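Thanks, everyone, for making the time this morning. I would like to walk through a few local features of one model, so please keep the display in view while I talk.

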Amino acid sequence: MIKVAFFDAKDYDIASFQAADTNKEFEYRFFETRLDENTVKLAEGADAVCVFVNDDINESVIDALVSYGIRLLALRCAGYNNVDIEYAYQKLHVVRVPAYSPYAVAEHAMALLLTSIRRIHKSYIRTRDFNFSLSGLTGFDLHGKTVGVIGTGKIGKVFIDICRGFGMKVLAYDKYPAKDSDIRYVSLEEIWKEADILSFHCPLTPETRHIVNADTISRMKTGVVLINTSRGALIDTEALLNGIRERKIGAACLDVYEEESDIFFQDRSGHILDDEILARLISMPNVIVTSHQAFLTKEALANISDTTLSNIRDILNTGKCVNELCYRCPGFSTCSRDHTEKCF
Ligand code: NAD
């Protein structure tokens with residue numbers, strides 16, 4: 001049996017990982033707590049550690065895992081900004097699930113946009129209270145509007161297709177534009193200037209951190225709608241809040257938040273929310289927050305568990321895995337990647 005220490009386990013993770021283990025090869029130890037330097041001891045005795053977006057795999061966690069003889073960290077997500085990949089290099093194999101359902105995230109981005117601009121969140125509450133007034137619910141057509149898409153990878157491309165189905169004009173920016181595509185790439189400057197709606201589908205990197213800030217907001221159209229289903233820190237939240245207060249930003253649809261790690265994925269309804277910025281944002285009538293929910297479909301969960309288990313098997317049985325992340329190549333002979341493409 002392959003022993004897996006499974007951190008930040010939720011009921012839906014437990015159900016899908018148990019269902020995916022059809023040959024009963026895995027012995028899971030599910031922990032509700034997140035992995036960090038205070039909880040890493042729980043991993044002792046495991047063959048692999050499985051983590052999600054808000055576990056903190058820093059230098060001391062990596063050192064502790066290595067001291068327990070653990071050489072495999074399996075991320076059950078695509079993003080890996082919470083792992084010190086450089087420090088893990090040649091200490092731990094780090095594998096991830098690069099794609100599980102780009103449709104889940106892109107469709108959620110569109111669901112947020114439609115909910116926001118057609119005020120569905122308001123009318124749902126009104127009609128439950130038998131209030132059938134339409135005052136204050138005027139929306140706008142998506143047809144003919146310009147959407148700016150930042151990041152045209154797997155999710156960005158699906159989102160572009162969805163927007164085209166609505167008759168929207170699509171402008172895109174990507175540091176590595178897709179070759180031979182019919183996507184119209186423009187500069188970031190042009191995107192800020194032209195877009196009625198902006199949707200972010202790029203990873204969080206030092207370059208993209210706070211890509212939405214006071215300066216870039218000032219270059220955007222008045223009334224612009226922002227959608228972030230990528231990573232919270234793409235947006236400087238205080239600048240966003242100011243932009244909303246100043247009526248520069250028309251609406252914000254947020255599935256991620258830069259300080260989400262201690263708040264999201266938990267029931268905090270009986271507690272006072274200490275995060276003033278998030279509380280203020282949620283109180284705004286033109287802000288919708290979902291709790292990092294965009295990935296959460298049956299199809300995505302099944303793909304996440306299947307790919308994670310196969311990643312673990314690949315590394316433990318062969319030492320190689322196509323979904324392994326590395327910081328820099330030690331030599332092409334030991335890597336199973338196609339070296340014509342960038343690692344990141
Ligand atoms: P992907 O790797 O397929 O695409 C990312 C794209 O961003 C690539 O085309 C890349 O070239 C581009 N990019 C990289 N650096 C850039 C920069 N500086 N500026 C502009 N573009 C840049 O990834 P994906 O599967 O499409 O996922 C996109 C992001 O969505 C992930 O990084 C992750 O943070 C987020 N995500 C969120 C959820 C959720 O539940 N909310 C789920 C999955 C993924």
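Cys50 has a relative accessibility of 0% and therefore counts as buried, and I should say straight away that this is a predicted model. Cys77, with a relative accessibility of 1%, counts as buried as well. How far is the sulfur of Cys50 from the closest cysteine sulfur? That closest sulfur belongs to Cys77 and lies 8.7 Å away, which is too far for a bond, because a disulfide is counted here only when the two sulfur atoms are within 2.5 Å. Taken from the other side, the closest cysteine sulfur to that of Cys77 is the one in Cys50, again at 8.7 Å and too far for a bond. The count of disulfides by this rule comes to zero.

Let me turn to a residue in helix H4, namely Leu112. Its relative accessibility is 4%, so Leu112 counts as buried. What does Leu112 touch, if we leave out residues up to four places away in sequence? The contacts are Thr229, Cys253, Leu254, Asp255, Ile288 and Thr290. Of these, Cys253 is 141 residues from Leu112 along the chain, and yet the two C-alpha atoms are separated by 5.9 Å.

Helix H4, spanning residues 102–117, also appears in the next part, since it is among the elements that cover the buried residues of helix H6. Those buried residues of H6 are Gly156, Val158, Phe159, Ile160 and Cys163, and the cover over them also includes strands E6 (146–150), E7 (169–173), E8 (197–200) and E9 (224–228). As for its geometry, H6 runs over residues 154–165, which is 12 residues, and reaches 17 Å from its first C-alpha to its last, close to the 16 Å expected at 1.5 Å a residue. H6 is followed by Gly167, whose phi is positive, near 75°.

Finally, there is a pair of helices to look at, H9 over residues 237–245 and H10 over residues 276–283, whose axes come within 11 Å and cross at roughly 30°. The crossing of H9 and H10 is left-handed. Which residues of the two helices meet? From H9 they are Thr237, Glu238, Leu240, Leu241, Ile244 and Arg245, and from H10 they are Ile277, Arg280 and Leu281. By class, the contact of H9 with H10 has five nonpolar residues, one polar residue and three charged residues.

Conventions:
Residues are numbered from 1 along each chain as its sequence is written. This is a predicted model: local features need pLDDT of at least 70, side-chain atom pairs count only at pLDDT 80 or more; totals for chains, interfaces and linings use all residues. Side-chain values use heavy atoms; hydrogens and water are left out. Helices (H or I, at least four residues) and strands (E, at least two) are DSSP runs, numbered from the N terminus. The expected span of a helix is 1.5 Å times one less than its number of residues. Buried means under 20% relative accessible area, exposed over 50%, partly exposed in between (1.4 Å probe, protein chains only). Contact means heavy atoms within 4.5 Å. Axes are lines fitted to C-alpha atoms, for helices over the stretch in contact, and angles run from 0 to 180 degrees between N-to-C directions. A crossing is left-handed if the near helix is turned anticlockwise from the far one by less than a right angle, and right-handed if clockwise. Ala, Val, Leu, Ile, Met, Phe, Trp, Tyr, Cys and Pro count as nonpolar, Asp, Glu, Lys and Arg as charged, and the others, Gly among them, as polar.
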